[in-house]
Amino acid sequence: MKKAPREEPDEQLSVTPPKKWAAGLPAVRHALEYSLEETSVARTGVTLLTMNQVDGIDCPGCAWADPAPGHRHRNEYCENGAKHINDEATKRRITAGFFREHSVSELGRRSDLWLNQQGRLTEPMVKRPDSDYYEPISWRDAFELVATELKSLDSPDEAAFYTSGRASNEAAFVLQLFARAFGTNNLPDCSNMCHESSGTALHETLGTGKGTVSLDDLHHADLIFLVGQNPATNHPRQLSALEEAKRNDARIIAVNTLPEAGLLRFKNPQKPSGVIGRGTQIADRFLHIRSGGDLALFQGLNRLLLEAEDAQPGRVLDHDFIRSSTSGFEEFSRHARTVTWEQVLSATGLTREEIEDVRDEVLRSKRVIVCWAMGVTQHRHAVPTIREIVNFLMLRGNLGRAGAGACPVRGHSNVQGDRTMGIWEKMPDSFLDALQKEFGFDPPRAHGLDSVNTIKAMREGRIKVFLALAGNFVRAAPDSAVTEDAMRRCRLTVHISTKLNRSHAVCGRTALILPTLGRTERDVQPCGEQFVTVENSMSEVHTSRGRLEPASKLLLSEIAILCRLARRTLDGKGDIPWKQFETDYGTIRHRIAHILPGLHDFNRRVVRPGGIRLPNPVNEGVFATATGKAMFTSNAWDMPRAPEGHLLLQTLRSHDQWNTIPYTDNDRYRGIHGSRRVVLVNPADLTELGLAEGQSVDLVSVWADDVVRRAEGFQVVPYPTSLGCAAAYYPETQVLVPLESVAEFSNQPTSKSIVVRLEPAGLRPAPSPQ
């Protein structure tokens, strides 16, 4: 039975005290309530009992690693994972009748919440030029339309092919092969906006863009840093790994601008202690740092470690590791001693005693892991910060050994796998050479456009066709008004999607919605039922197999859509068996195995329980850097600053949200209910600014141009943010992030350090008379 569509919720804000613990029975209740609202008891049972199991459905949410086969719980999922998978498995459907009732203009005025809750897309739709409505189109005509537009371009570089982390390895490989056979490296992806800084820094210093730790390493570390991340909301199953580490006597240091519930205490609902007991304290030490102060923190720690070595020569640093496996230590050592305590304390907002206490924890620990997420990566100085974290790990040899290493925590299911498969605008020549040898065409060698540069190119009329494989590009991207205007300048926009989102209402002259199978659904092709593969944050590649019947008989798989587009567009260019790829995904994996050495014998190895763990060169003592060794770096001290009367704003997710899509208007752990248009501000800053609790304000971004970027109608909520710092929900505040405000070296938007002023609502100047 079709579920009734939901209406826009009435925004009635209520605020309760923030929670001091995460998960427990409330998480179970909320997960089941949401799942059963979206679908049936039977379908919920299928999705949840097969989720993250061997030969089951990989969670479409975060990229956290699964325990080894034989060690997985029967319910190997979290609250948000349960919501995410059943949000896709919803019984609600969008048909052609929906689009006859709702114009594109009206859809553009609807909230992200409402758009998502209308249900699954069921048939291809087109918005014609000069029309304000989508109408049905056949698959044949849709493919012909796209192929005609692509072939009419003056250059292949007038097209861009975007990928979200939700895509499978096979779909990602096919997309990049299509784009490169067409003739462009314009392959922007969601990693450009979340962990590009991690990949840039790690490539430079270690020779790999990936983390170096496994789940077992986390379980057996002595000391774990959680820097700029909120596990309870963004990757909740990490809490189970941290609980295991605590049981093995690990110490945990949380470094954050907010005292998040999941950093305080975890009640594991799969254990009696999490149901009737107090659960497990997660952070032994909480550093309430200023936004953007992490570079200074690790510079201060590194200086303290060098000085401890001065006082006790040969007893602090790992000289064998530094001598045999690193370069640049002497220059780094000289530079590290130039950073002053005045600089460190100013940037962090911490005391010297707090940082010295952390040093003492480090000196007592033989195995140290540093985990980080977007609280680190989305700053102008993000790459130097991560390089400084690598310096910190190298000083005591905490790389390439059990229980130690670097752990960038990816926030989307297969975003790391996309990169492995070639979704990167700057893939190395070795990969392109392998494509050429395997498929008989010469891939383009000039670097393509990332996400920020794609927006600029669309704005300037240099990108005329934009094709997106999953995702919600206009809401994930910075500078919302600029991004939307740029998208509307395209001749054709194409979205391969499972559900409706804001990007479908921001159309090129012609726009297509191509509905696709979800990860939860059975994918039956002429050669039989198919499975796909994904890669998690810890470089493990494993299978995912849908279990539900498709939401519509008209749906095609992502791979089928891309292969049919490629056949119609490329006219036989290259020796690429698109029809075989569409009908038998094993043929895709067979060719991937020829190109990526770590995936040799892909088809046989990946079906084994647990799949394939890709080799990590760092753990084998191999560093593909400019020096052939791990590289110490000298990083200039930096910190974001806000003028008097302004605050540093960071964007964040609510607990009831995944990526750009909220599931409700609540944020249970932070005590926010009924509205997302809130700004969290330290009470002392409210007093300084002369603002009152509950007051309605506009957030106005301050940048080096004359553009006024404004997010209107936010209510002020007193909250224990760091002094001088504020927080508000993404994507509503993406409008405040200037397109030109990016991290050095990585070009990643700086969504965690936006300088804003808070203006009482209603004070916006009237427009000048014409």
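Proline 731 sits in the loop that runs between β32 (725–729) and β33 (754–760). In this predicted model, the peptide bond joining tyrosine 730 to proline 731 is cis, with omega at about 10°.

Two residues other than glycine turn up with a positive phi. For alanine 23, phi is near 70°, and the residue belongs to strand β2 (residues 22–23). Aspartate 249 has phi near 75° and falls in the loop between α12 (238–247) and β9 (251–256). As for their surroundings, alanine 23 is buried because its relative accessible area, 10%, is under the 20% cut-off. Aspartate 249, at 66%, is over the 50% mark and therefore counts as exposed.

On to the cysteines: the disulfide count comes to 0. Take cysteine 62, whose closest cysteine sulfur is in cysteine 59; the two sulfurs are 5.9 Å apart, so they are too far for a bond, given that a disulfide needs them within 2.5 Å. Cysteine 507 tells a similar story, because 11 Å separates its sulfur from the closest cysteine sulfur, in cysteine 490, and that is too far as well. Both cysteines are tucked away: cysteine 62 is buried at 10% relative accessibility, and cysteine 507 is buried at 9%.

As for empty space inside, searching the whole structure gives 5 cavities of 30 Å³ or more. The second largest has a volume of about 230 Å³. Its lining is made up of 17 residues, with Leu517, Gly518, Arg519, Asp523 and Val532 lying nearest the centre. Sorted by class, that lining is a mix of 5 nonpolar, 6 polar and 6 charged residues.

Methods. Residues numbered from 1 in each chain as written. Predicted model: local features only at pLDDT ≥ 70, side-chain atom pairs only at ≥ 80, totals over all residues. Heavy atoms only, no water. 1 Å grid on protein atoms, 1.4 Å probe; cavity = no way out; pocket = protein on both sides within 12 Å on 5 of 7 lines; lining within 4 Å. Points joined across faces, edges and corners; volume = space filled by probe spheres on them. Nonpolar A, V, L, I, M, F, W, Y, C, P; charged D, E, K, R; others polar. Buried < 20%, exposed > 50% of the residue type's maximum accessible area, 1.4 Å probe, protein only. Helix = DSSP H or I, 4+ residues; strand = E, 2+ residues; numbered from the N terminus.
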